[in-house]
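Let's walk through a protein model together, beginning with one helix and then stepping back to the whole chain. Please keep the structure open as you read.

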Amino acid sequence: MDNTRFPDDDNLTDGDAPGSDIPLMREQAYEIIDAVLSGTDPEGAEVRERLREHVAAHPGNPEAALHEHLVFTRSLARQAGDRPNPGKQDVHRHPTEGQISVPGHGQAAIEAVLHGGMLVTAFQPIHDLRRGGVIGAEALTRFLWEPDGDGAGSWFKNAAAVGLGADLEFSALQAAVAAAQDLPPQLVVALNLSPAVCLDPRLPGFLEHVPLESSRIMLELTEPLNPEQLSPLLEVLTPLRSAGMGLAVDEAGTDAASMRHIRSLRPDVIKIGRGLVTGIDADPSRQYLVADLVEFGRQTGTALAAVGIETAAERAVLTRLAVAAGQGHFLGQPTVNVKEWATWSGPASAIQGRHGRHTAGRPQPDGR
(Lines give C-alpha, C1' and ligand atoms only; values in the text may rest on other atoms or scores of the structure.)
Protein backbone atom coordinates (compact mmCIF):
# COMPACT_ATOMS: atom_id res chain seq x y z
CA MET A 1 0.00 0.00 0.00
CA ASP A 2 1.26 3.54 -0.79
CA ASN A 3 1.04 5.14 2.64
CA THR A 4 1.57 8.62 1.17
CA ARG A 5 -2.12 8.52 0.23
CA PHE A 6 -3.06 8.52 3.90
CA PRO A 7 -1.59 11.53 5.74
CA ASP A 8 -0.84 11.17 9.47
CA ASP A 9 -1.85 7.52 9.42
CA ASP A 10 0.30 6.79 12.47
CA ASN A 11 -1.63 9.22 14.65
CA LEU A 12 -4.36 7.99 16.96
CA THR A 13 -7.51 9.98 17.55
CA ASP A 14 -8.45 11.20 21.01
CA GLY A 15 -10.66 8.16 21.57
CA ASP A 16 -7.94 5.64 20.82
CA ALA A 17 -6.18 3.79 23.60
CA PRO A 18 -3.27 1.36 23.63
CA GLY A 19 -4.50 -2.16 23.09
CA SER A 20 -7.81 -1.06 21.57
CA ASP A 21 -9.30 -2.53 18.41
CA ILE A 22 -9.35 0.81 16.59
CA PRO A 23 -5.84 0.56 15.04
CA LEU A 24 -6.72 -2.89 13.67
CA MET A 25 -9.93 -1.62 12.08
CA ARG A 26 -8.00 1.40 10.82
CA GLU A 27 -5.60 -0.92 9.00
CA GLN A 28 -8.52 -2.71 7.36
CA ALA A 29 -10.06 0.62 6.38
CA TYR A 30 -6.80 1.56 4.69
CA GLU A 31 -6.83 -1.71 2.77
CA ILE A 32 -10.34 -1.04 1.46
CA ILE A 33 -9.48 2.53 0.50
CA ASP A 34 -6.37 1.35 -1.29
CA ALA A 35 -8.41 -1.25 -3.20
CA VAL A 36 -10.94 1.37 -4.32
CA LEU A 37 -8.27 3.85 -5.35
CA SER A 38 -6.41 1.22 -7.35
CA GLY A 39 -9.35 0.92 -9.73
CA THR A 40 -8.87 2.04 -13.32
CA ASP A 41 -12.37 2.04 -14.81
CA PRO A 42 -13.22 5.49 -16.26
CA GLU A 43 -16.76 5.36 -14.87
CA GLY A 44 -15.40 5.29 -11.33
CA ALA A 45 -12.99 8.20 -11.75
CA GLU A 46 -15.26 10.71 -10.01
CA VAL A 47 -15.83 8.36 -7.08
CA ARG A 48 -12.10 7.73 -6.68
CA GLU A 49 -11.30 11.42 -6.80
CA ARG A 50 -13.89 12.22 -4.18
CA LEU A 51 -12.58 9.39 -1.97
CA ARG A 52 -9.12 10.97 -2.13
CA GLU A 53 -10.68 14.22 -0.96
CA HIS A 54 -12.44 12.44 1.90
CA VAL A 55 -9.18 10.79 2.98
CA ALA A 56 -7.37 14.15 2.90
CA ALA A 57 -10.16 15.72 4.95
CA HIS A 58 -9.81 13.07 7.68
CA PRO A 59 -6.06 12.58 8.20
CA GLY A 60 -5.36 9.53 10.31
CA ASN A 61 -9.03 8.52 10.39
CA PRO A 62 -9.86 6.34 7.37
CA GLU A 63 -13.04 5.04 9.07
CA ALA A 64 -14.54 8.54 8.93
CA ALA A 65 -13.37 8.92 5.33
CA LEU A 66 -15.14 5.69 4.36
CA HIS A 67 -18.33 6.76 6.08
CA GLU A 68 -18.32 10.11 4.31
CA HIS A 69 -17.60 8.26 1.07
CA LEU A 70 -20.71 6.12 1.56
CA VAL A 71 -22.85 9.22 2.08
CA PHE A 72 -21.40 10.63 -1.14
CA THR A 73 -22.12 7.46 -3.15
CA ARG A 74 -25.64 7.47 -1.78
CA SER A 75 -26.02 11.06 -3.01
CA LEU A 76 -24.82 10.08 -6.49
CA ALA A 77 -27.30 7.21 -6.62
CA ARG A 78 -30.12 9.47 -5.49
CA GLN A 79 -29.28 12.01 -8.19
CA ALA A 80 -29.29 9.23 -10.78
CA GLY A 81 -32.63 8.03 -9.48
CA ASP A 82 -34.13 11.51 -9.78
CA ARG A 83 -33.36 11.70 -13.50
CA PRO A 84 -36.48 10.94 -15.55
CA ASN A 85 -36.53 7.48 -17.11
CA PRO A 86 -39.92 6.82 -18.70
CA GLY A 87 -39.03 3.23 -19.52
CA LYS A 88 -38.37 2.20 -15.95
CA GLN A 89 -40.41 2.29 -12.76
CA ASP A 90 -38.46 3.27 -9.66
CA VAL A 91 -39.75 1.00 -6.93
CA HIS A 92 -37.76 2.90 -4.30
CA ARG A 93 -38.85 6.39 -5.33
CA HIS A 94 -41.32 6.63 -2.46
CA PRO A 95 -39.99 4.70 0.55
CA THR A 96 -42.39 3.90 3.31
CA GLU A 97 -42.28 5.91 6.51
CA GLY A 98 -39.26 4.97 8.60
CA GLN A 99 -37.69 2.97 5.78
CA ILE A 100 -34.45 4.95 5.83
CA SER A 101 -34.14 6.03 9.43
CA VAL A 102 -30.42 6.76 9.75
CA PRO A 103 -28.42 9.15 7.51
CA GLY A 104 -25.97 7.31 5.31
CA HIS A 105 -27.72 3.97 5.84
CA GLY A 106 -29.79 4.09 2.65
CA GLN A 107 -29.87 1.66 -0.24
CA ALA A 108 -26.86 3.09 -2.06
CA ALA A 109 -24.77 3.06 1.11
CA ILE A 110 -25.78 -0.53 1.82
CA GLU A 111 -24.92 -1.54 -1.74
CA ALA A 112 -21.53 0.15 -1.33
CA VAL A 113 -20.91 -1.89 1.82
CA LEU A 114 -21.84 -5.09 -0.01
CA HIS A 115 -19.67 -4.23 -3.00
CA GLY A 116 -16.67 -3.05 -1.01
CA GLY A 117 -16.72 -5.53 1.85
CA MET A 118 -16.68 -2.69 4.35
CA LEU A 119 -17.54 -4.79 7.37
CA VAL A 120 -15.51 -6.95 9.71
CA THR A 121 -16.16 -9.38 12.53
CA ALA A 122 -15.63 -8.93 16.23
CA PHE A 123 -15.83 -11.97 18.48
CA GLN A 124 -17.08 -11.97 22.05
CA PRO A 125 -15.88 -14.84 24.24
CA ILE A 126 -18.41 -17.26 25.74
CA HIS A 127 -17.30 -18.58 29.14
CA ASP A 128 -17.97 -21.80 31.00
CA LEU A 129 -19.47 -20.35 34.19
CA ARG A 130 -18.81 -23.37 36.39
CA ARG A 131 -15.30 -24.41 35.35
CA GLY A 132 -14.02 -21.18 33.87
CA GLY A 133 -12.31 -20.65 30.55
CA VAL A 134 -13.57 -19.73 27.11
CA ILE A 135 -15.59 -22.38 25.26
CA GLY A 136 -16.89 -20.41 22.31
CA ALA A 137 -17.13 -17.05 20.58
CA GLU A 138 -20.08 -15.18 19.14
CA ALA A 139 -19.52 -13.43 15.81
CA LEU A 140 -20.69 -9.82 15.85
CA THR A 141 -20.71 -7.58 12.78
CA ARG A 142 -18.78 -4.32 12.89
CA PHE A 143 -18.70 -1.59 10.29
CA LEU A 144 -15.30 0.01 9.89
CA TRP A 145 -16.46 3.49 10.89
CA GLU A 146 -18.55 2.19 13.82
CA PRO A 147 -16.09 -0.04 15.74
CA ASP A 148 -18.29 -0.18 18.84
CA GLY A 149 -21.13 -1.80 16.89
CA ASP A 150 -23.78 0.66 18.09
CA GLY A 151 -25.11 1.30 14.58
CA ALA A 152 -25.02 -2.27 13.27
CA GLY A 153 -28.67 -2.94 14.09
CA SER A 154 -29.78 0.07 12.06
CA TRP A 155 -27.83 -1.11 9.05
CA PHE A 156 -29.49 -4.54 9.11
CA LYS A 157 -32.93 -3.03 9.73
CA ASN A 158 -32.64 -0.61 6.86
CA ALA A 159 -31.14 -3.26 4.58
CA ALA A 160 -34.22 -5.41 5.20
CA ALA A 161 -36.46 -2.42 4.45
CA VAL A 162 -34.97 -2.02 0.96
CA GLY A 163 -34.84 -5.72 0.17
CA LEU A 164 -31.12 -6.20 0.92
CA GLY A 165 -31.39 -7.71 4.38
CA ALA A 166 -30.45 -11.24 3.34
CA ASP A 167 -27.57 -9.99 1.20
CA LEU A 168 -26.13 -8.02 4.11
CA GLU A 169 -26.53 -11.01 6.45
CA PHE A 170 -24.73 -13.29 4.01
CA SER A 171 -21.95 -10.73 3.66
CA ALA A 172 -21.66 -10.67 7.46
CA LEU A 173 -21.60 -14.48 7.55
CA GLN A 174 -18.83 -14.60 4.97
CA ALA A 175 -16.76 -12.17 7.03
CA ALA A 176 -17.46 -14.17 10.20
CA VAL A 177 -16.44 -17.60 8.88
CA ALA A 178 -13.31 -16.13 7.32
CA ALA A 179 -12.33 -14.50 10.61
CA ALA A 180 -13.22 -17.63 12.60
CA GLN A 181 -10.29 -19.47 11.04
CA ASP A 182 -8.06 -17.37 13.32
CA LEU A 183 -9.85 -18.50 16.48
CA PRO A 184 -8.43 -21.32 18.61
CA PRO A 185 -9.62 -24.55 16.95
CA GLN A 186 -11.42 -25.90 20.02
CA LEU A 187 -13.88 -23.00 20.24
CA VAL A 188 -17.50 -23.18 19.13
CA VAL A 189 -18.38 -20.36 16.71
CA ALA A 190 -21.85 -18.82 17.13
CA LEU A 191 -23.21 -17.38 13.87
CA ASN A 192 -26.22 -15.09 14.11
CA LEU A 193 -29.03 -15.76 11.64
CA SER A 194 -32.49 -14.32 11.22
CA PRO A 195 -35.30 -16.81 10.52
CA ALA A 196 -35.63 -15.27 7.05
CA VAL A 197 -32.01 -16.07 6.18
CA CYS A 198 -32.42 -19.58 7.61
CA LEU A 199 -35.15 -20.05 5.01
CA ASP A 200 -33.08 -18.50 2.22
CA PRO A 201 -32.25 -21.21 -0.38
CA ARG A 202 -28.63 -20.01 -0.42
CA LEU A 203 -27.95 -21.02 3.19
CA PRO A 204 -27.39 -24.82 2.84
CA GLY A 205 -24.91 -24.34 0.02
CA PHE A 206 -23.13 -21.58 1.92
CA LEU A 207 -22.76 -23.71 5.05
CA GLU A 208 -21.66 -26.72 3.02
CA HIS A 209 -18.57 -24.81 1.89
CA VAL A 210 -17.75 -23.10 5.18
CA PRO A 211 -14.07 -23.77 6.10
CA LEU A 212 -15.02 -24.86 9.63
CA GLU A 213 -15.87 -28.25 11.05
CA SER A 214 -19.62 -28.65 11.38
CA SER A 215 -19.25 -29.55 15.06
CA ARG A 216 -17.82 -26.08 15.73
CA ILE A 217 -20.76 -24.19 14.23
CA MET A 218 -23.61 -22.95 16.41
CA LEU A 219 -26.44 -21.39 14.41
CA GLU A 220 -28.05 -18.72 16.58
CA LEU A 221 -31.58 -17.53 15.77
CA THR A 222 -31.68 -13.84 16.58
CA GLU A 223 -35.36 -12.98 16.06
CA PRO A 224 -38.72 -14.39 17.17
CA LEU A 225 -40.40 -16.80 14.77
CA ASN A 226 -43.66 -16.28 12.99
CA PRO A 227 -45.88 -19.35 13.41
CA GLU A 228 -45.82 -20.05 9.67
CA GLN A 229 -41.99 -20.13 9.69
CA LEU A 230 -41.69 -22.99 12.14
CA SER A 231 -42.41 -25.95 9.89
CA PRO A 232 -40.17 -24.89 6.96
CA LEU A 233 -37.48 -23.88 9.44
CA LEU A 234 -37.43 -27.37 10.90
CA GLU A 235 -37.06 -28.82 7.39
CA VAL A 236 -33.98 -26.65 6.81
CA LEU A 237 -32.39 -27.13 10.22
CA THR A 238 -32.82 -30.91 10.51
CA PRO A 239 -30.16 -31.89 7.94
CA LEU A 240 -27.79 -29.17 9.18
CA ARG A 241 -28.04 -30.46 12.73
CA SER A 242 -27.67 -34.02 11.54
CA ALA A 243 -24.38 -32.90 10.00
CA GLY A 244 -23.23 -31.82 13.46
CA MET A 245 -24.15 -28.15 13.66
CA GLY A 246 -25.71 -26.82 16.85
CA LEU A 247 -28.71 -24.54 17.31
CA ALA A 248 -29.15 -21.72 19.80
CA VAL A 249 -32.26 -19.61 20.38
CA ASP A 250 -31.39 -16.03 21.25
CA GLU A 251 -33.10 -13.83 23.82
CA ALA A 252 -35.45 -16.55 24.99
CA GLY A 253 -38.49 -15.36 26.84
CA THR A 254 -40.99 -17.05 29.08
CA ASP A 255 -44.14 -16.29 27.08
CA ALA A 256 -46.20 -19.21 25.83
CA ALA A 257 -45.46 -18.66 22.12
CA SER A 258 -41.72 -18.50 22.70
CA MET A 259 -41.71 -21.69 24.75
CA ARG A 260 -43.84 -23.54 22.16
CA HIS A 261 -41.30 -22.68 19.49
CA ILE A 262 -38.43 -23.75 21.73
CA ARG A 263 -40.11 -27.10 22.41
CA SER A 264 -40.56 -27.62 18.68
CA LEU A 265 -37.04 -26.56 17.73
CA ARG A 266 -35.35 -28.44 20.60
CA PRO A 267 -32.26 -26.21 20.48
CA ASP A 268 -28.91 -27.16 21.95
CA VAL A 269 -28.67 -23.82 23.73
CA ILE A 270 -31.23 -21.39 25.11
CA LYS A 271 -29.76 -17.91 25.56
CA ILE A 272 -31.12 -15.87 28.46
CA GLY A 273 -31.46 -12.24 27.45
CA ARG A 274 -30.18 -9.17 29.22
CA GLY A 275 -33.70 -8.41 30.42
CA LEU A 276 -33.51 -11.34 32.86
CA VAL A 277 -29.80 -11.03 33.63
CA THR A 278 -29.69 -7.37 34.67
CA GLY A 279 -29.79 -7.11 38.45
CA ILE A 280 -30.66 -10.79 38.90
CA ASP A 281 -28.55 -10.87 42.07
CA ALA A 282 -31.06 -8.53 43.76
CA ASP A 283 -34.29 -9.86 42.24
CA PRO A 284 -35.58 -13.25 43.47
CA SER A 285 -38.38 -13.25 40.87
CA ARG A 286 -35.84 -13.23 38.05
CA GLN A 287 -33.93 -15.95 39.79
CA TYR A 288 -37.01 -18.15 39.87
CA LEU A 289 -37.65 -17.54 36.17
CA VAL A 290 -34.08 -18.49 35.27
CA ALA A 291 -34.20 -21.52 37.56
CA ASP A 292 -37.34 -22.68 35.73
CA LEU A 293 -35.57 -22.29 32.38
CA VAL A 294 -32.59 -24.27 33.68
CA GLU A 295 -34.91 -27.02 34.86
CA PHE A 296 -36.58 -27.04 31.45
CA GLY A 297 -33.13 -27.37 29.91
CA ARG A 298 -32.22 -30.21 32.26
CA GLN A 299 -35.30 -32.16 31.24
CA THR A 300 -34.80 -31.56 27.51
CA GLY A 301 -31.00 -31.81 27.31
CA THR A 302 -30.59 -28.12 26.52
CA ALA A 303 -27.82 -25.93 27.90
CA LEU A 304 -28.52 -22.40 29.19
CA ALA A 305 -26.30 -19.44 28.36
CA ALA A 306 -26.67 -15.94 29.79
CA VAL A 307 -26.11 -12.79 27.75
CA GLY A 308 -24.98 -9.41 29.01
CA ILE A 309 -23.31 -10.30 32.32
CA GLU A 310 -21.99 -7.00 33.66
CA THR A 311 -21.11 -7.68 37.30
CA ALA A 312 -19.48 -10.30 39.48
CA ALA A 313 -22.71 -10.58 41.49
CA GLU A 314 -24.73 -11.42 38.38
CA ARG A 315 -22.21 -14.05 37.38
CA ALA A 316 -22.22 -15.59 40.86
CA VAL A 317 -26.01 -15.98 40.93
CA LEU A 318 -26.17 -17.39 37.41
CA THR A 319 -23.44 -19.87 38.25
CA ARG A 320 -25.28 -21.00 41.37
CA LEU A 321 -28.46 -21.46 39.34
CA ALA A 322 -26.49 -23.85 37.05
CA VAL A 323 -26.53 -21.68 33.94
CA ALA A 324 -23.86 -23.40 31.86
CA ALA A 325 -22.30 -20.50 30.01
CA GLY A 326 -22.26 -16.74 29.80
CA GLN A 327 -20.96 -13.72 28.01
CA GLY A 328 -20.91 -10.00 28.68
CA HIS A 329 -18.54 -7.10 29.19
CA PHE A 330 -17.65 -8.34 32.67
CA LEU A 331 -16.33 -11.56 31.13
CA GLY A 332 -14.92 -10.16 27.90
CA GLN A 333 -15.79 -7.45 25.41
CA PRO A 334 -16.18 -8.02 21.67
CA THR A 335 -12.87 -7.55 19.90
CA VAL A 336 -11.36 -7.78 16.42
CA ASN A 337 -7.91 -8.35 17.90
CA VAL A 338 -6.61 -11.68 16.62
CA LYS A 339 -3.89 -11.73 19.27
CA GLU A 340 -6.54 -11.52 21.96
CA TRP A 341 -8.53 -14.34 20.36
CA ALA A 342 -5.44 -16.53 20.63
CA THR A 343 -5.53 -16.25 24.44
CA TRP A 344 -9.02 -17.75 24.70
CA SER A 345 -8.89 -21.29 25.96
CA GLY A 346 -10.66 -23.44 28.49
CA PRO A 347 -12.26 -26.81 29.21
CA ALA A 348 -14.86 -28.47 27.02
CA SER A 349 -18.36 -27.84 28.29
CA ALA A 350 -21.84 -29.31 28.07
CA ILE A 351 -22.78 -26.38 25.86
CA GLN A 352 -20.75 -28.10 23.12
CA GLY A 353 -22.77 -31.31 23.40
CA ARG A 354 -26.34 -31.88 22.37
CA HIS A 355 -27.37 -33.86 25.42
CA GLY A 356 -25.68 -32.12 28.34
CA ARG A 357 -27.29 -32.42 31.76
CA HIS A 358 -27.24 -29.75 34.44
CA THR A 359 -28.39 -29.61 38.04
CA ALA A 360 -30.69 -26.66 38.47
CA GLY A 361 -30.24 -24.59 41.58
CA ARG A 362 -33.09 -22.74 43.23
CA PRO A 363 -33.13 -19.20 44.62
CA GLN A 364 -32.39 -18.97 48.31
CA PRO A 365 -34.74 -17.11 50.67
CA ASP A 366 -32.32 -14.20 50.95
CA GLY A 367 -32.21 -13.79 47.16
CA ARG A 368 -28.55 -14.80 46.82
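Helix α13 turns its buried residues towards three partners: they pack against α11 (274–277), α12 (284–300) and β7 (303–306). Here helices (H or I, at least four residues) and strands (E, at least two) are DSSP runs, numbered from the N terminus. This is a predicted model, where local features need pLDDT of at least 70, side-chain atom pairs count only at pLDDT 80 or more, and totals for chains, interfaces and linings use all residues. Residues are numbered from 1 along each chain as its sequence is written, and side-chain values use heavy atoms, with hydrogens and water left out.

Which residues of α13 (residues 312–320) are buried? They are E314, V317 and L318, where buried means under 20% relative accessible area (1.4 Å probe, protein chains only). These residues cover an arc of only 100 degrees around the axis, so they lie on the same side of α13; the arc is that of the directions from the helix axis to the C-beta atoms. After α13 comes A322, whose phi is positive, near 70 degrees.

Now follow L318. Leaving aside neighbours within four places in sequence, L318 is in contact (heavy atoms within 4.5 Å) with residues including L129, V290 and V323. L318 is also among the residues that touch the most other members of the largest nonpolar core, which has 58 residues. Such a core is a set of buried Ala, Val, Leu, Ile, Met, Phe, Trp, Tyr and Cys residues joined through side-chain atoms within 4.5 Å.

Finally, step back: the chain has 14 helices and eight strands, and 48% of its 368 residues count as buried.

Terms used:
Buried means under 20% relative accessible area, exposed over 50%, partly exposed in between (1.4 Å probe, protein chains only).
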